Amino acid sequence: MKRLFAVILICAVMLFSGCGRAENEITPPFFKVTDKETGGVVYMLGTMHVGTEDAVYPDKVYKALDESDVLAVELDVQELEANTAELTSAMQVMMLKGCTAEEYIGEDYKEIRKWFVEKGLYNMVYDYYIPAVWSSMAATMLAEDAGYKSELGTDRTMLTYAKEHNKEIYEIESAAEQYQVNANEGKELQIYALLETVRTDYDEQIQQMKDLYTAWANGDISALEDMLAVDEPPEELAEQYKQYIFEMYENRQQKMAEYVTDTLKNGGKAFVAVGAMHYAATPDIIDFVEQAGYNVEKIR
């Protein structure tokens, strides 16, 4: 059974941010789209928001960024971290209103808190945030225990390179928009997913994280698609899950694709770096770009 925790785990890693790999083996999903009439060119890279010390990206990735005038990312995480006021404001939507996490979660709170305490992850501050925040903290810990670091993620690597080479940075989304995705997740779905994380074998979850990284590092879109295919959630959560997937993927992917097609129509040259799952969740970015009449070339 493919459990729901796996998808929530993937979402948390892709949104926030052992299987070490040898140098020159990182070949993430990478695409190119051109507009012959306007001369517009857009490169699209599937990113991972965590990484390893030995991850080396192909020269063609940096060459494509050199050729581009703009690096478009989901959001500039480096700038966000330096802007405490914006980060604090964005986090407001994740805070509980008029109750604590114990009251919000109910009878399962003690089990969840016990797991976090045992993992050395509990912080009393969490008691004022929705379960989605707890899940994201668990995902961060899992990524670290699997051997990955957020500071080595693709987005940060591309941002650092782009800024060193005086490229314009464009944020497709805002921090508030990204945090709102989790804030909109149904209460019961949040609790259910968090409980699955707590009750699932930790080593199994570590392996899930490694499998995710391996699929991305190999540019294996099919494997990423398989990771999103889970058994049907409980009937009472089906509608919440459907809405969550729409907001996490389809809705955002359409917006990302619109940036790509607008750039092409205007004859621009851009390098788009967004989470790899946005090329796997149907309808993905490529689907929307192709619907606009463009041919997407996969770069090997």
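Here are a few exercises on this predicted model, each with a worked solution.

Local features need pLDDT of at least 70 and side-chain atom pairs count only at pLDDT 80 or more, while totals for chains, interfaces and linings use all residues. Residues are numbered from 1 along each chain as its sequence is written, and side-chain values use heavy atoms, with hydrogens and water left out.

**Exercise 1: the core**

Find which helix gives the most to the largest nonpolar core.

Solution. Start with the terms. A nonpolar core is a set of buried Ala, Val, Leu, Ile, Met, Phe, Trp, Tyr and Cys residues joined through side-chain atoms within 4.5 Å. Buried means under 20% relative accessible area, exposed means over 50%, and partly exposed is in between (1.4 Å probe, protein chains only). Helices (H or I, at least four residues) and strands (E, at least two) are DSSP runs, numbered from the N terminus.

Next, look at the core itself: it has 99 residues, and M44, L71, F116, L224, F271 and V272 have the most contacts inside it. The helix you're after is α13 (residues 238-265), which gives 9 residues.

**Exercise 2: aromatic rings**

Work out how the rings of Y109 and W134 are arranged.

Solution. Here's the rule: rings of Phe, Tyr and Trp (its six-membered ring) pair if their centres lie within 6.5 Å; planes under 30 degrees apart count as stacked, over 60 as edge-to-face and the rest as tilted. That rule gives 15 aromatic pairs. For Y109 and W134, the centres are 6.1 Å apart and the planes sit at 75°, so this pair is edge-to-face. Y109 is in helix α6 (residues 109-118) and W134 in helix α7 (residues 131-145), so the pair ties together parts 25 residues apart in sequence. Both residues are buried.

Now try W115 and F116: with centres 5.2 Å apart and planes at 70°, they're edge-to-face too. Finally, put the pieces together: Y109, W115, F116, Y122, Y126, W134 and Y202 form one aromatic cluster.

**Exercise 3: one helix, two faces**

Decide where the buried residues of α2 fall, seen down the helix axis.

Solution. First list them: in helix α2 (residues 59-67), V61, A64 and L65 are buried. Seen down the axis, these fall within an arc of 100°, so they line one face of the helix. (The arc is that of the directions from the helix axis to the C-beta atoms.) Then check the face turned away from the buried side: it carries the exposed residues D59 and K63.

**Exercise 4: salt bridges**

Compare where the partners sit in the bridges E74–R252, R199–E111 and E118–K114.

Solution. A salt bridge is a side-chain nitrogen of Lys or Arg within 4 Å of a carboxyl oxygen of Asp or Glu. The structure holds 9 of them.

- E74 and R252 have their closest N and O atoms 3.0 Å apart. E74 is in the loop between β3 and α3 (77-82) and R252 is in helix α13, 178 residues apart. Both are buried.
- R199 and E111 meet at 2.9 Å, N to O. R199 lies in helix α10 (residues 187-199) and E111 in helix α6, so the pair ties together parts 88 residues apart in sequence.
- E118 and K114 come to 2.6 Å. They both lie in helix α6, 4 residues apart, about one turn of the helix. Both are exposed.
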